[in-house]
Amino acid sequence: MSTATLETPPTDAIQSFTVTFLIRRFDPDVDTEPRWQDFDVEMYATDRVLDALHKIKWEQDGSLTFRRSCAHGICGSDAMRINGRNRLACKTLIKDLDISKPIYVEAIKGLPLEKDLIVDMEPFFASFRDVQPFLVANSKPEPGKERVQSVAERAIFDDTTKCILCAACTSSCPVFWTDGQYFGPAAIVNAHRFIFDSRDDNAQTRLDILNDKEGVWRCRTTFNCTEACPRGIEVTKAIAEVKQAVMRGKP
């Protein structure tokens with residue numbers, strides 16, 4: 001006859017802790033100016049800021065408004081300012097923030113504020129569309145063949161293919177904050193992606209578009225955009241390469 005033994009519960013259980021979030025709220029139906037509101041949320045170190053926003057909306061205040069979709073850093077929907085820096089809420093871990101102080105969360109800058117953490121993205125996407133971010137080929141490939149491109153040719157613009165249009169770079173740019181006509185880093189990055197594509201035949205048109213007082217020459221090389229990019233794109237380098245192409249008159 002065997003005897004059963006009781007297992008001792010683990011003593012190294014993951015500990016939770018309370019984190020204070022200060023969120024910049026704005027309801028156009030009620031508020032004349034944005035206001036800060038604090039929330040205490042029970043969190044784990046591996047939780048993300050997006051998890052905290054979900055908890056607040058689902059458990060404390062259902063009126064809190066923000067965008068999110070894939071929650072894995074691909075869709076770019078949840079770009080916001082977290083402790084004064086542009087980040088994706090779904091990629092920002094609580095353990096990487098100083099929780100001894102409140103965590104400040106607000107909408108990205110430079111775009112019209114609609115409600116809470118949501119801004120009007122139309123000016124951003126208008127600039128994106130203006131640079132013609134699509135392949136333009138004047139000739140057709142041979143029947144049954146693809147447009148061939150070497151590994152070296154692809155490498156020239158590979159970095160700028162990573163853009164997810166989150167606007168973190170553009171809304172971190174001080175020029176964009178003060179000049180609503182500037183194309184902004186994201187639009188230039190997406191122009192770069194096609195200007196340097198060997199399969200494209202419309203590079204000169206894009207260079208002419210960006211050789212404008214509100215184009216690449218408005219960039220002041222502060223590197224805010226590169227630091228803000230959640231995909232690690234060397235945004236300032238891409239802008240510099242477009243400037244060089246403009247001066248050469250060709251990619």
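Colleague: Which residues have the most contacts inside the largest nonpolar core?

Modeller: This is a predicted model, in which local features need pLDDT of at least 70 and side-chain atom pairs count only at pLDDT 80 or more, while totals for chains, interfaces and linings use all residues. Residues are numbered from 1 along each chain as its sequence is written, and side-chain values use heavy atoms, with hydrogens and water left out. The largest nonpolar core (a set of buried Ala, Val, Leu, Ile, Met, Phe, Trp, Tyr and Cys residues joined through side-chain atoms within 4.5 Å; buried means under 20% relative accessible area, exposed over 50%, partly exposed in between, with a 1.4 Å probe and protein chains only) has 66 residues. Those with the most contacts inside it are Phe21, Ile23, Leu53, Leu210 and Val242.

Colleague: Where does this core lie?

Modeller: The protein is divided into two domains, with bounds from an automatic or database domain assignment. Both give residues to the core, so it lies between domain 1 (15–117) and domain 2 (119–138 + 149–246).

Colleague: How many residues of domain 2 are in contact with domain 1?

Modeller: The C-alpha centres of the two domains lie 28 Å apart. Contact means heavy atoms within 4.5 Å. On the domain 1 side 19 residues take part, and on the domain 2 side the number is 17.

Colleague: Which residues does Val242 touch, not counting residues up to four places away in sequence?

Modeller: Val242 is one of the residues with the most contacts inside the largest core. With residues up to four places away in sequence left out, Val242 touches Ile188, His192, Ile195, Phe196, Leu207, Leu210 and Val216.

Colleague: How is α5 oriented relative to α8?

Modeller: Helices (H or I, at least four residues) are DSSP runs numbered from the N terminus. The axes of α5 (residues 185–195) and α8 (residues 235–248), which are lines fitted to C-alpha atoms over the stretch in contact, with angles from 0 to 180 degrees between N-to-C directions, come within 9 Å and cross at roughly 60 degrees. Angles under 35 degrees count as roughly parallel, over 145 as roughly antiparallel, 65 to 115 as roughly perpendicular and the rest as oblique. The crossing angle therefore makes α5, relative to α8, oblique.

Colleague: Which residues of α8 does α5 meet?

Modeller: From α5, the residues involved are Pro185, Ile188, Val189, His192 and Ile195. Their partners in α8 are Val235, Ala238, Ile239, Glu241 and Val242.

Colleague: How are α5 and α6 oriented to each other?

Modeller: Their axes lie 9 Å apart, at an angle of about 155 degrees. The two helices are therefore roughly antiparallel.

Colleague: Which residues of α6 make the contact with α5?

Modeller: On the α5 side, the contact is made by Ile188, Ala191, Phe194 and Ile195. On the α6 side, it is made by Ala203, Arg206, Leu207 and Leu210.

Colleague: How many residues of α5 are buried, and which helices cover them?

Modeller: Helix α5 is mostly covered, with 11 of its 11 residues buried. What covers them includes α2 (122–130), α3 (151–157), α6 (203–210), α7 (224–228) and α8.

Colleague: Is Ala137 buried, exposed or partly exposed?

Modeller: Ala137 lies in the loop between α2 and α3, where it touches Arg147, Arg199 and Asp201, not counting residues up to four places away in sequence. Because its relative accessibility is 29%, Ala137 counts as partly exposed.

Colleague: What is the phi of Gln132?

Modeller: Gln132 also lies in the loop between α2 and α3. Although Gln132 is not a glycine, its phi is positive, at about 55 degrees.
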